[in-house]
Amino acid sequence: MNLAATTLGLTADEWLAIRLTAELAAATTLILLLLGAPLAWWLTRSASRWANLVSAAVSLPLVLPPTVIGFYLLIALGPEGFIGRTLERLGAHHLAFSFGGILIGSVIYSLPFAVQPLREGFAGIDPKLLDAAATLRARGLDRFFSVVLPLSRSGILTAVVLSFAHTVGEFGVIAMLGGNIAGETRVVSIAIYDHTQAMEYAAAHRLSAVLLGFSFVTLLAFYALNQRALRPAKLG
């Protein structure tokens, strides 16, 4: 390593990978909450014959190898793919080997980790409470924000933690779709792999230890907060 070591013995490039990982995980989690909440609500309450098809599509990342997802996204978002080619015709750049590309991949790969806890939280709500809110002339969105979300705190918290943590640990999709570009697609998991391939085991250990510590603290905080969230919610 040519760069001088910094805090915790990590180099500037390694801190850059950590920052990029945090940005990717935060953006992925936010997008999944915005998209996953209405999707989970629809899947929970819908009697449509399409619900099972959508549920199966959402759950595909649970059984597909991440390299398969990354491969097809690379084809679609690259310069020869439909999306990538369309973007280039519009004067933009294709999304392969870019932060935008790995963000799309992370959202798709972590989608079931957000939707499933949200569905479980929504399914646990007593329909009588929604009916009571309706009798008080609360509209659909009002009922969703004032009744559904407060009563689903545990599911929401679980979705946030699983989405964030799953993105932090992701490797296959990012490796296939993003490659290894410093400051653009080189996240912590890719950096650890690079160090290991170069037999730089001390550097790989440092980054792995940071990831291990972060994961443990995240889970510890999750269980503590989840215990509080399970307390009865007060509707306001």
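This is a short tour of a predicted model, one selection at a time.

**Stop 1: the whole chain**

Start with everything shown as a cartoon. You are looking at 236 residues, and buried ones make up 37% of them. The chain has eleven helices and zero strands, so don't go looking for arrows. Turn the model along its principal axes and the C-alpha atoms fill a box of roughly 70 × 45 × 30 Å. One more thing about the overall picture: take the contacts between residues at least 6 apart in sequence, and 69% of them join residues at least 24 apart.

**Stop 2: H5 and H8**

Now select residues 99–123, which is helix H5, and add residues 153–168, helix H8. How do their axes sit relative to each other? They come within 8 Å and cross at roughly 155°, which means H5 is roughly antiparallel to H8. The crossing is right-handed.

Switch on side chains to see who touches whom. From H5, the contact includes Ser-106, Tyr-109, Ser-110 and Phe-113. Further along H5, Ala-114, Pro-117 and Leu-118 take part too. On the H8 side, look for Gly-155, Ile-156, Thr-158, Ala-159, Leu-162, Ser-163, His-166 and Thr-167. Colour this contact by residue class and you get eight nonpolar, seven polar and no charged residues.

**Stop 3: H8 again, now with H1**

Keep H8 on screen, hide H5 and select helix H1, residues 12–45. The axes of H1 and H8 come within 8 Å and cross at roughly 145°. This crossing is right-handed.

On H1, pick out Thr-21, Ala-22, Leu-24, Ala-25, Ala-26, Thr-28, Thr-29, Leu-32 and Leu-33. They meet Val-160, Ser-163, Phe-164, Thr-167 and Val-168 in H8. Which classes of residue make up this contact? There are nine nonpolar, five polar and no charged residues. Ser-163 and Thr-167 may look familiar: they are also on the H8 side of the contact with H5.

**Stop 4: back to H5, with H3**

Bring H5 back and select helix H3, residues 66–77. These two helices pack at an angle of about 135°, with their axes 11 Å apart. That makes H3 oblique to H5. The crossing is right-handed.

From H3, show Pro-66, Ile-69, Leu-73 and Leu-77. Their partners on H5 are Gly-101, Ile-104, Gly-105, Ile-108 and Tyr-109. Sorted by class, the contact has seven nonpolar, two polar and no charged residues. Tyr-109 is worth a click, as it also belongs to the contact of H5 with H8.

**Stop 5: the nonpolar cores**

Next, select Phe-122 and Val-148. Of the 27 residues in the largest nonpolar core, these two touch the most other members. Where does the rest of this core come from? Helices H1, H2 (50–59), H5, H6 (127–135) and H7 (140–151) each supply at least two residues. H5 gives the largest share, with eight.

Zoom in on Val-148. Setting aside neighbours within four places in sequence, Val-148 is in contact with Trp-41, Phe-122, Ile-125, Leu-130 and Arg-143. Apart from the largest core lies another one, of eight residues, among them Ile-18, Val-188, Ala-191 and Ile-192.

**Stop 6: two loop residues with a positive phi**

Most residues other than glycine have a negative phi. Here are two that go the other way. Select Phe-97, in the loop between helix H4 (82–89) and H5. Phe-97 has a positive phi of about 60°. Buried or exposed? Phe-97 is partly exposed, with a relative accessible area of 40%.

Then jump to Met-199, in the loop between helix H10 (188–197) and helix H11 (201–229). The phi of Met-199 is positive as well, near 60°. With 59% relative accessibility, Met-199 counts as exposed.

**Last stop: a distance to draw**

Finish with Gly-100, which sits in helix H5. Gly-100 counts as partly exposed, at 29% relative accessibility. Draw a line from its C-alpha to that of Val-63: how far apart are Gly-100 and Val-63 in space? The distance is 24 Å, for two residues 37 apart in sequence.

Technical notes:
Residues numbered from 1 in each chain as written. Predicted model: local features only at pLDDT ≥ 70, side-chain atom pairs only at ≥ 80, totals over all residues. Heavy atoms only, no water. Axes fitted to C-alpha atoms, helices over the stretch in contact; angles between N-to-C directions. Helix = DSSP H or I, 4+ residues; strand = E, 2+ residues; numbered from the N terminus. Parallel < 35°, antiparallel > 145°, perpendicular 65-115°, else oblique. Left-handed = near helix turned anticlockwise from the far one by under 90°. Contact = heavy atoms within 4.5 Å. Nonpolar A, V, L, I, M, F, W, Y, C, P; charged D, E, K, R; others polar. Core = buried A, V, L, I, M, F, W, Y, C linked by side-chain atoms within 4.5 Å. Buried < 20%, exposed > 50% of the residue type's maximum accessible area, 1.4 Å probe, protein only.
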